[in-house]
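Please set out, in a short report, how selected strands, helices and single residues are arranged in the structure shown below, and where its chains meet.

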Amino acid sequence: MTDSGAHAAIESVVRMESARLIAGLARYTGDVGLAEELAQDALVAALEQWPGEGVPRNPGAWLMTVAKRRAVDLFRRNHELRLKYAQIGRALAAEGEAVEPEFDRAFSDDIDDDLLRLIFTACHPVLAVPARVALTLRLLGGLTTAEIARAYLIPEPTVAQRIVRAKKTLTQARVPFEVPGPAERPARLASVLEVIYLIFNEGYSATAGDDWMRPALCAEALRLGRVLAGLAPDEPEVHGLVALLEIQASRIPARSGPSGEPVLLLDQDRARWDRLLINRGLGALERAGQLGGTEGSYALQAAIAACHARAFRPEDTDWPRIAALYAVLARRSPSPVVELNRAVAVSMAYGPQAGLDLVDRLTAEPSLRSYHLLPSVRGDLLLKLGRAAEARTEFERAAALTQNAPERELSAARARAAADKAGRGFT
Amino acid sequence: MRFLGYTLGDPSTPMTPPGPEDFAEMNKFMEEATKAGVLLATGGVGPIESLTKIVNTDGKITVLDGPFTEAKELIGGWALLECRDQAEAIEWSKRFVAIAGDGEVRLREVFMP
């Protein structure tokens, strides 16, 4: 293997072990920031020693042992650190006399527990959401600051600072390294799910010309969701989120046209939908249901996505079911956007007038004032009802509201087509 | 990236049949790989005697039995992995092989249609 090949292999192995390593060290030291630094030191040691000695049989245990030794060393030598972490330092120093290279027992038996603690800590509400995202990607995804920066199209120093500050905030707020108790758990879990979903959406919104790190965010989010499902298998909304991500990810191969232009769901080539992911998503949705979670927000969105996924052709879509699911979602997490989506489903299920009746109730909604999809949907329904002149006005409004060039062109084209129809007497 | 890992299970690459402790260790490994969000699907591969080839030569389709007719039931396995890169897939395969014992795993990248 070439030097660079060996280097890449080592980095890959370390990255595989990174989250568990940091989690185990965080339990050991009580501080996530310190844990990450120690993990970094272990990585450096691996890059120095493994090329010569070969990758060890149990790389995770090797890294953990080296990191622990370094922790003990640091406390012995670093006066400031000892002051800062006095309690932990004393315990470590005492243990230091006894640290033997017990490679296979380097991890506690509760490494899964530690991983769950790490996830909750990285998504702690004391941190601003962008900090939670960056910390999650860094500590749990093992992404470098450079990779995170490329994925989010922000400068690397910004990411680095964000992470440094986040770790400091956790330390200063004395956030304990633990899983939240039953009272706080729902809100804390909601934060974790939100972070994972945000990461996915960032990747999902990537377009063809973007850096490959952006769509890679979808894979990271999906993996994190799956890991979480393994660690918290009794939480229905975790399975709901995973179901939603698996099914949305299944459409990624079909979402872009030959020139990289976005392709709407109903126009996508369904032969390109990833059936493996769809089946996994349906399975996860089933699990959510078995746990009594069919009306969770993510489970509902997943159920809607599942309706599309089950239809081999657009005309096979169970629109009444989608409309019903949106009605439940609207009651549970009401929002004008959900209501608009419900209107579309209703129009597909029960005809354009039924949909228009719902859309007309939204035209005065302040939060939708600049939302180009509202006039776009309204125009579509008006056209179907033979009201072409009014449809044209709506499409022109939609074109004026959208920031996105391909979408603007699409709306403009629809406006011209509607004008044609109106001109020919189809008012 | 997706990878298919499989063992040949034919006489040219003999495998030591797993004992009961090996199965336990194997199951633990599968569980770990699943919980890591990496193992998408896995299973066994039928005995080598069941190998059949379906061949299209110039429009003529023939079905051929495999070359191994000896009743030596060599079983293999397959796994579909989703990894960040090939190096990660290789590392998982190394760990599998360490548990499975003497033998060979072949790893190839696979793609969606």
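## Strands of chain B

In strand 5 of chain B, G5(B) finds its bridge partner in A79(B). This pair belongs to a ladder in which 5 bridges join strand 1 (residues 2–7) of chain B to strand 5 (residues 76–82) of chain B, the two running antiparallel; strands are DSSP runs of E of at least two residues, helices are runs of H or I of at least four residues, and both are numbered from the N terminus, while two strands pair if DSSP finds at least two bridges between them.

The model is a predicted one, in which local features need pLDDT of at least 70 and side-chain atom pairs count only at pLDDT 80 or more, whereas totals for chains, interfaces and linings use all residues. Residues are numbered from 1 along each chain as its sequence is written, and chains are lettered from A and ligands numbered from 1 in the order in which they are written.

In chain B, 4 strands form an open sheet in the order 2-5-1-6, with antiparallel pairing. Strand 2 (39–45) and strand 6 (105–110) of chain B stand at the edges with a single partner strand each, so one side of each is left without a neighbour in the sheet. On average, neighbouring strands of this sheet are turned by 15° against each other, direction ignored.

Strand 3 (residues 52–57) of chain B also pairs with strand 4 of chain B, in the antiparallel sense and over 6 bridges, and in strand 4 the bridge partner of T52(B) is D65(B). The hairpin of these two strands has 2 residues between the strands, and D58(B) takes a positive phi near 60° there. Strand 4 (residues 60–65) of chain B is hardly covered, the count of buried residues among its 6 residues being 0; a residue is buried if 20 or more other C-beta atoms, placed from the backbone, lie within 10 Å of its own, exposed if 12 or fewer do, and partly exposed in between.

## Helices and residues of chain A

Helix 6 (residues 111–122) of chain A has 12 residues and reaches 16 Å from its first C-alpha to its last, close to the 16 Å expected at 1.5 Å a residue, where the expected span is 1.5 Å times one less than the number of residues. Helix 6 of chain A is mostly covered, with 9 of its 12 residues buried, among them L115(A), I119(A) and F120(A).

Helix 16 (residues 336–350) of chain A packs against helix 18 (residues 373–384) of chain A at an angle of about 15°, with their axes 11 Å apart. That makes the two helices roughly parallel, a term that covers angles under 35 degrees. The contact involves L340(A), A343(A), V344(A) and S347(A) of helix 16 and L373(A), L374(A), V377(A) and L381(A) of helix 18, contact being counted if C-beta atoms, placed from the backbone, lie within 7 Å.

Two residues of chain A are set out here.

| Residue | Place | Other C-beta atoms within 10 Å | Touches, not counting residues up to four places away in sequence |
|---|---|---|---|
| V14(A) | helix 1 (residues 3–29) | 23, buried | L43(A), A46(A), L63(A) |
| I154(A) | loop between helix 8 (145–152) and helix 9 (156–172) | 14, partly exposed | A149(A), V159(A) |

The C-alpha atoms of V14(A) and G60(A), which are 46 residues apart along the chain, are separated by 7.8 Å.

## Where the chains meet

The contact takes 15 residues from chain A and 13 residues from chain B. On the side of chain A that touches chain B, the elements that give two or more residues are helix 1 and helix 11 (213–231) of chain A, and helix 1 of chain A gives the most, with 5 residues.

Methods. Axes are lines fitted to C-alpha atoms, for helices over the stretch in contact, and angles run from 0 to 180 degrees between N-to-C directions. Angles under 35 degrees count as roughly parallel, over 145 as roughly antiparallel, 65 to 115 as roughly perpendicular and the rest as oblique. Two residues are in contact if their C-beta atoms, placed from the backbone, lie within 7 Å.
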